[in-house]
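Colleague: I'm new to reading structures, and I'd like a close look at one part of this one. Could you start from a single side-chain contact and then walk me outwards from there?

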Amino acid sequence: MNKSVFVVGFMLFAIFFGAGNLIFPPKLGLDSGTDFWSAISGFVVTGVGLPLLGIIVSSFYQGGYKEALNRIHPWFSVVFLMAIYLAIGPFFAGPRTGATAYEMAILPFLGESSTVSLLVFTVIYFSIALWLSLNPSKMVDRIGSILTPVLLVSIIALVVKAYFLLNDAPDTLLQTKQMENAFANGILEGYFTMDALASLAFSVIVLNAIKAKVSNQAALIKQTVAAGIVAAVALALIYIALGWIGNNLPVSAETVADLTAKGQNIGTYILNAAATDTFGDAGRIILGVIVSLACLTTTVGLAVAVSEYFNEIFPKIAYKTYVVLFIVISFAIANQGLSVVISKSVPVLLVLYPISMTIILLLLVNLVVKLPLLAQRIAVGLVTVVSILSVVGIEAMTQLPLKAYSMEWLPFAIVGCLVGFMVAKVTKQAE
């Protein structure tokens with residue numbers, strides 16, 4: 001691998017390594033107990049493998065997912081991409097970054113969350129985000145390019161020191177419990193990173209950055225695959241290490257119950273506790289500040305990207321109007337608290353993720369066996385219906401195969417693809 005591969009690989013790593021993602025592996029590590037490796041494996045599949053597969057698959061298609069979705073149906077393309085941009089922007093990822101910053105930087109020093117402190121913090125946080133989003137410049141990119149390496153170095157230092165501190169720590173009751181369907185739970189936690197959705201939304205931006213470093217399509221594909229491997233290894237190692245800390249840090253059942261009752265996020269508690277145990281209050285302060293600034297750059301990047309997309313689709317409304325609207329929505333939702341933001345995102349993600357995975361897998365198969373449009377349309381249509389019915393809570397959906405693994409959509413994707421393939425083949429022969 002040459003230097004360019006590592007440069008692009010770490011660019012992909014920086015795109016997917018959002019500060020908000022830090023909170024999921026530690027909590028999963030705590031919850032998984034003796035089934036840690038099964039749970040974290042599921043997390044890596046959807047939190048690392050799927051988004052990077054999404055980027056790699058898009059490199060094989062001119063125009064990326066937007067053009068591929070247009071071929072399935074133009075209206076489906078618009079509605080689906082709008083749903084993804086709203087999910088990774090003002091409704092879930094945007095509010096999550098603000099709420100995460102509050103719980104990492106402010107809450108440890110207050111001891112207990114309050115409506116007033118959260119309101120004051122989010123007013124300041126989203127006001128800065130609004131100002132930067134209305135005046136997008138290279139400053140945010142430069143700050144981000146500095147903060148990501150600093151955050152990464154801080155986490156590595158935390159993990160290394162925590163390893164020596166916790167390696168011989170006595171097991172607690174939580175650490176010796178078992179997790180039912182650990183792999184499936186890990187898959188669901190990986191959904192919450194929203195990175196697979198981001199890979200569909202931002203693949204064109206990512207590939208344009210890679211195209212600037214290569215001369216042709218073959219080189220683009222080769223570079224994307226190699227860079228994807230670099231990014232995947234880096235992300236997986238970080239997530240596994242953070243999960244290990246959550247799995248080994250002594251946290252009592254009483255503490256978990258107290259945090260839950262207060263509506264505080266357990267993942268942020270674990271990170272703060274680990275930072276304090278390993279580096280003292282100074283470590284907690286530094287980590288809180290770095291994570292908060294990283295969250296801020298993520299908020300701005302999302303607001304700008306989502307506003308530009310909607311301005312492109314509906315140009316009669318000004319870009320700045322979209323920015324104000326999306327920042328205000330993020331501010332309002334963030335004030336409900338981090339745990340509420342995450343819980344409310346679950347139903348939407350359980351609809352969007354199966355559709356996204358189906359699209360990625362269909363386009364991957366299409367590289368080997370050319371799939372007629374009918375096969376793609378039937379598969380995506382069936383998965384969309386099944387995903388919605390599963391989330392709505394139709395009783396029959398609970399009896400579907402693979403439901404325990406949240407993969408009940410997969411048989412419908414396969415059957416829809418095969419039926420569409422055969423019907424298209426028979427129709428072509430008849431003609």
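**From one glutamate outwards**

Modeller: Let's begin with a pair of side chains: those of Glu408 and Ser390 make a polar contact at 3.1 Å. Keep in mind as we go that this is a predicted model.

Where does Glu408 sit? You'll find Glu408 in the loop that runs between helix H17 (373-392) and helix H18 (409-430). Is Glu408 buried or exposed? Its relative accessible area is 8%, so Glu408 is buried. If we skip the neighbours within four places in sequence, the residues in contact with Glu408 are Val386, Ser390, Leu400, Pro401, Leu402 and Lys403.

Lys403 is a good next stop. Like Glu408, which is in the loop between H17 and H18, Lys403 has its place in that loop. Lys403 has a relative accessibility of 26%, so it counts as partly exposed. Again leaving out neighbours within four places in sequence, Lys403 touches Ser390, Met397, Thr398 and Glu408. So far, then, the picture goes like this: Ser390 is in contact with Glu408, and Ser390 is in contact with Lys403 too.

Now let's use Lys403 to jump to another region. Its C-alpha atom is 27 Å from that of Asn247, and the two residues are 156 places apart along the chain. Asn247 is one of the H12 residues that meet H3, which takes us to some helix packing.

A quick tip before we look: two packed helices are described by the angle between their axes and the distance between the axes. For helix H3 (residues 36-58) and H12, the angle is about 155° and the axes are 9 Å apart. Angles over 145 degrees count as roughly antiparallel, and that is therefore the label for H3 and H12. The crossing of H3 with H12 is right-handed. On the H3 side, the residues that meet H12 are Phe36, Trp37, Ile40, Phe43, Val44, Gly47, Val48, Leu52, Ile55 and Ile56. On the H12 side they are Thr224, Val225, Gly228, Ala231, Ala232, Leu235, Ala236, Tyr239, Ile240, Gly243, Trp244 and Asn247. Sorted by class, this contact of H3 with H12 has 17 nonpolar and five polar residues, and no charged ones.

H12 has another partner to look at. Helix H11 (residues 195-211) packs with helix H12 (residues 217-248) at about 135°, and their axes are 12 Å apart. H11 and H12 are therefore oblique to each other. This crossing is right-handed. H11 brings Asp195, Leu207, Ile210 and Lys211 to the contact, while H12 brings Leu220, Gln223, Thr224 and Tyr239. The classes here are four nonpolar, two polar and two charged residues. Notice that Thr224 and Tyr239 are on the H12 side of the contact with H11, and both are also among the H12 residues that meet H3.

Step back along the chain from H11 and you reach Met194, in the loop between helix H10 (182-191) and H11. What is the backbone doing there? Met194 has a phi near 65°, a positive value in a residue other than glycine. For comparison, most residues other than glycine have a negative phi. Met194 counts as buried because its relative accessibility is 4%.

On the other side of that loop is H10, which packs with helix H16 (residues 338-368) at about 95°, with the axes 10 Å apart. That makes H10 roughly perpendicular to H16. H10 uses Leu188, Gly190 and Tyr191 for the contact, and H16 uses Leu349, Leu350, Tyr353 and Met357. By class, the contact of H10 with H16 divides into six nonpolar residues, one polar and no charged.

We can finish with two residues of H16. Ser339 is found in this helix, and its relative accessible area of 27% makes it partly exposed. The C-alpha atoms of Ser339 and Thr260 are separated by 8.7 Å, although these residues are 79 apart along the chain. Beyond its neighbours within four places in sequence, Ser339 is in contact with Gly263, Gln264 and Asn265.

Leu364 is found in H16 too, and it is partly exposed, with a relative accessible area of 33%. The C-alpha atoms of Leu364 and Val57 are separated by 6.1 Å, with their positions 307 residues apart along the chain. Leaving aside neighbours within four places in sequence, Leu364 is in contact with Leu53 and Val57.

Notes:
Residues numbered from 1 in each chain as written. Predicted model: local features only at pLDDT ≥ 70, side-chain atom pairs only at ≥ 80, totals over all residues. Heavy atoms only, no water. Helix = DSSP H or I, 4+ residues; strand = E, 2+ residues; numbered from the N terminus. Buried < 20%, exposed > 50% of the residue type's maximum accessible area, 1.4 Å probe, protein only. Polar contact = N/O pair within 3.5 Å; in protein donor to acceptor, adjacent residues only side chain to side chain. Contact = heavy atoms within 4.5 Å. Axes fitted to C-alpha atoms, helices over the stretch in contact; angles between N-to-C directions. Parallel < 35°, antiparallel > 145°, perpendicular 65-115°, else oblique. Left-handed = near helix turned anticlockwise from the far one by under 90°. Nonpolar A, V, L, I, M, F, W, Y, C, P; charged D, E, K, R; others polar.
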